[in-house]
Amino acid sequence: MGKKNLMEVEMERLPPLNAIKAFEVAARAGSFTLAASELGVSSAAVSQQIRNLETWFGKQLFVRTGNRITLTDAGHAIYPQTARALGDIAAIGQRMLEGGLRTRLCRQRPVFSGRVLVGAETGRASRCLPAHGDRRARRG
C-alpha cells in the first residue's frame, strides 16, 4: 500500500458516525429505549452502538443502573459538541435539499494537488465557473 493522504488519515480519526448519532439521541432522550424508538432500531442496537463508541474512545460515556442511564463526565464533555456537529450536518442536508447551494466548478488553492474541484458557492464567484448542468449558474 502507498502513503495515505491527509484526508485518509483524518477519516481514520473519525469515531463511528452511527455510534455518534446513537450517543447524541440517547444522551438527549436520557434512555436507550427512547433513543431506539427515535432511531427506528432496537434498544439492544443502541446499547451496542454506545459500547462501540465507548471502546473507540476508551472511556465510559454512560453509567447504567438497571434501565436508567446517566452521562459520565466524559459523556457530558462531548455531548454539546456532538449535538452541534450533528445539527450542522442536518443543516447542510436541508440546505442542499432546498436548493440553497448551487454547484459550480471552483478553482481552489491546492491542498493535495492542483485539481479543479466541484464545490459550493463561496462568495468568490470570480474564481468559479458554472457547472455543466447548472442552468441557474449560466444565467448570470
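**Exercise 1. Surface and overall layout.** Work out how much area the protein chain exposes and what supplies it, then describe the order of its helices and strands.

*Solution.* Start with the surface: in this predicted model, the protein chain exposes about 10,400 Å². Carbon and sulfur atoms supply 54% of that area. Next, look inside: of the 140 residues in the protein chain, 24% are buried. Now count elements, and you get six helices and five strands. Going along the sequence, they come as α-α-α-α-β-β-α-β-β-β-α. Finally, check the contacts with a separation of 6 or more: 44% of them join residues 24 or more positions apart.

**Exercise 2. The largest nonpolar core.** Find which of its residues touch the most other members, and which element gives the most to it.

*Solution.* The core has 17 residues. The ones touching the most other members are F23, A26, F32, V46, I50, L53 and F62. Sort the core by element next: α2 (17-29), α3 (32-39), α4 (43-57) and β2 (68-71) each give two or more residues. The top contributor is α2, with seven residues. As background, nonpolar side chains in soluble globular proteins tend to be buried together.

Then zoom in on A26. Skip its neighbours within four places in sequence, and A26 is in contact with S31, F32, A35, V46, F62 and I69.

**Exercise 3. The two faces of α4.** Decide which residues of α4 are buried, and explain how they are arranged around the axis.

*Solution.* First, the geometry: α4 has 15 residues and reaches 21 Å from first C-alpha to last, close to the 21 Å expected at 1.5 Å a residue. Second, pick out the buried residues, which are V46, S47, I50, L53 and E54. Because they cover an arc of only 120° around the axis, they end up on the same side of α4. Third, see what they meet: the buried residues of α4 pack against α2, α3 and β1 (62-65). Fourth, flip to the face turned away from the buried side, where you'll find the exposed residues A44 and T55.

Take S47 as a test case. It sits in helix α4 and has a relative accessible area of 13%, so S47 falls under the 20% cut-off and counts as buried. Its side chain makes a polar contact with the side chain of R51 at 2.8 Å.

Last, step past the end of the helix: α4 is followed by G58, and the phi of G58 is positive, near 75°.

**Exercise 4. A loop threonine and a helix glycine.** For T72 and G75, say where each one lies, and whether T72 is buried or exposed.

*Solution.* Begin with T72, in the loop between β2 and α5 (73-97). With a relative accessible area of 14%, T72 is buried. Its side chain reaches the backbone oxygen of Q60 at 2.7 Å. Not counting residues up to four places away in sequence, T72 touches Q60, L61, F62 and V63.

Move on to G75, which lies in helix α5. The relative accessibility of G75 is 0%, so this glycine counts as buried. Leaving out neighbours within four places in sequence, G75 is in contact with F23 and L61. To place G75 relative to V63, compare two separations: twelve residues in sequence, and 9.6 Å in space, C-alpha to C-alpha.

Methods:
Residues numbered from 1 in each chain as written. Predicted model: local features only at pLDDT ≥ 70, side-chain atom pairs only at ≥ 80, totals over all residues. Heavy atoms only, no water. Core = buried A, V, L, I, M, F, W, Y, C linked by side-chain atoms within 4.5 Å. Buried < 20%, exposed > 50% of the residue type's maximum accessible area, 1.4 Å probe, protein only. Helix = DSSP H or I, 4+ residues; strand = E, 2+ residues; numbered from the N terminus. Contact = heavy atoms within 4.5 Å. Expected span 1.5 Å × (residues − 1). Arc of directions from axis to C-beta. Polar contact = N/O pair within 3.5 Å; in protein donor to acceptor, adjacent residues only side chain to side chain. Areas by Shrake-Rupley, 256 points an atom, 1.4 Å probe, with all protein chains shown as cover.
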